[in-house]
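Biologist: Hello! Could you take a close look with me at a single part of this protein? Here is the model I have in mind.

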Amino acid sequence: MDFELTESQLLIQSTARDFAQRRIAPQAAEIDRDERFPTELLKGLAELGLMGVNVPESLGGAEAGTVAYALAMTEVARACASTAVAMGVTNMVGEAITRFGTEEQKQKYVPKLTSGEYVTGAFALSEPGAGSDPGGMRTTARREGNEWVIDGAKQWITSGSYAGVFVVWARTGPIEAGTRGISAFLVEGGTPGLKVGKPEDKMGLRGSNTVPLTFENCRIPESNLLGELNQGFKIAMMALDGGRIGISAQAIGIATAALEEAAAYAKERRQFGKPISDFQAIQWMLADSQTELDAARLLCLRAAWLKENKQPFSKEASMSKVFSTEAAWRICDRALQIHGGYGYTREYNVERHLRDVRVTRIYEGTSEIQRIVIARNVLAG
Ligand SMILES: Cc1cc2nc3c(=O)[nH]c(=O)nc-3n(C[C@H](O)[C@H](O)[C@H](O)COP(=O)(O)OP(=O)(O)OC[C@H]3O[C@@H](n4cnc5c(N)ncnc54)[C@H](O)[C@@H]3O)c2cc1C
């Protein structure tokens with residue numbers, strides 16, 4: 001058993017921390033307030049190899065593994081959760097194409113994602129009527145000559161207005177085939193027939209771009225099928241297993257910032273003639289937050305280590321996501337409480353952290369869905 005990070009993991013962590021604290025953190029409040037998509041920061045992350053942390057160097061990635069990815073994600077989210085989610089989805093798309101793509105697809109798309117030539121990638125699975133149950137999707141793809149023709153609607157697509165390439169899931173078999181009649185496709189941003197809708201007006205992650213998509217007679221080359229025909233659902237589930245480690249790390253990053261800010265404020269703020277950090281009620285909140293944060297980190301790094309070492313990790317990724325995101329919510333809430341009335345204003349970052357962290361319990365599978373995955377594994381023995 002070894003709790004030490006390797007040299008290359010420490011290097012990725014310190015590279016991400018340095019860029020995040022120096023370049024991202026000073027802009028985070030403004031990105032949130034002005035709902036500004038952080039294009040230039042994402043390009044900066046690409047220059048550091050952080051848009052393909054677990055992607056081979058031959059495709060422009062850092063080839064540093066999943067643990068390093070989780071560490072980098074934590075550092076970026078600690079500075080700005082909106083920037084982190086765009087980074088997370090791009091890493092997920094790059095990994096999916098690397099794993100399931102043909103040589104031609106890999107060479108064509110992955111270097112553009114890792115280098116920043118594409119500002120981001122996007123992952124288009126959810127639909128207006130199919131969220132927790134993506135197997136109920138209605139978007140279709142039919143073959144016409146040497147093309148696929150996609151029709152339908154997607155919902156909640158992160159970075160959809162900026163993505164150079166989308167992984168899009170569509171039904172290629174009859175509805176009765178269920179999840180065995182779904183395929184994945186690579187659709188380039190700007191393809192005729194792909195319409196990007198108005199960005200959602202969200203509670204948090206206001207610098208992240210979340211849009212509906214419509215596909216109307218959207219034609220892509222036959223060669224843009226990702227993986228095998230009718231096997232796309234498995235690609236989505238595998239990508240989401242890995243993505244959940246990223247969301248867990250994102251929640252940990254947001255909670256880390258909230259806890260640091262709460263501890264600093266508690267030492268500064270005086271009431272009843274002393275710093276509020278002298279009160280046991282405040283100390284206990286800090287103690288509970290630190291303990292939960294460490295437990296979340298350990299669950300997250302274990303899931304990342306299992307994935308990196310090619311062992312089963314689906315249950316562990318779900319355990320990591322449900323625990324980290326729910327603990328992070330409590331940690332951000334306590335941090336706001338420690339700030340008193342000031343915490344409820346834009347003057348301090350904690351209100352942003354609380355708004356930003358909330359969605360981590362919803363996307364890439366809600367807490368309820370994670371518990372279903374975990375229970376299924378427990379019951380299977
Ligand atoms: C900001 C944001 C960004 C997102 N980005 C993306 C993206 O890039 N790509 C993408 O494809 N999707 C994305 N999503 C979609 C996200 O993954 C879905 O919102 C999520 O999967 C939940 O689906 P839903 O919103 O339709 O809720 P529903 O599935 O309608 O769920 C509603 C409630 O019912 C519960 N529920 C549902 N089924 C069960 C069950 N069997 N047992 C118990 N409870 C259940 C849920 O847990 C939830 O509490 C994003 C969402 C948000 C908010």
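Biologist: Which element gives the largest share of the lining of the largest pocket, and how many residues does that element supply?

Modeller: Happy to help! Please keep in mind that this is a predicted model. The element you are after is α6, with seven residues in the lining of the largest pocket. The pocket itself holds about 1,100 Å³ of space, and 40 residues line it. Nearest its centre are Ser126, Ile362, Tyr363, Glu364 and Gly365. Besides α6 (232-268), the elements that contribute two or more lining residues are α4 (81-100), β3 (147-158), α9 (350-358) and α10 (367-379). By residue type, the lining is made up of 19 nonpolar, twelve polar and nine charged residues.

Now follow α6 away from the pocket lining and into the nonpolar interior. The largest nonpolar core has 68 residues, and α6 again gives the largest share, here twelve residues. At least two core residues also come from each of α1 (7-33), α2 (39-47), α3 (65-79), α4, α7 (280-308), α8 (314-338) and α9. Ile24, Leu45, Leu50, Met87, Ile245 and Ile338 have the most contacts inside this core. Take Leu45 as an example: leaving aside residues up to four places away in sequence, Leu45 touches Phe19, Ile24, Leu50, Met51, Val76, Thr83 and Met87. Apart from this core lies another, of 25 residues, and Met92, Leu113, Met137 and Ile235 are among them.

So much for the tour; enjoy exploring the pocket!

Notes: Residues numbered from 1 in each chain as written. Predicted model: local features only at pLDDT ≥ 70, side-chain atom pairs only at ≥ 80, totals over all residues. Heavy atoms only, no water. 1 Å grid on protein atoms, 1.4 Å probe; cavity = no way out; pocket = protein on both sides within 12 Å on 5 of 7 lines; lining within 4 Å. Points joined across faces, edges and corners; volume = space filled by probe spheres on them. Helix = DSSP H or I, 4+ residues; strand = E, 2+ residues; numbered from the N terminus. Nonpolar A, V, L, I, M, F, W, Y, C, P; charged D, E, K, R; others polar. Core = buried A, V, L, I, M, F, W, Y, C linked by side-chain atoms within 4.5 Å. Buried < 20%, exposed > 50% of the residue type's maximum accessible area, 1.4 Å probe, protein only. Contact = heavy atoms within 4.5 Å.
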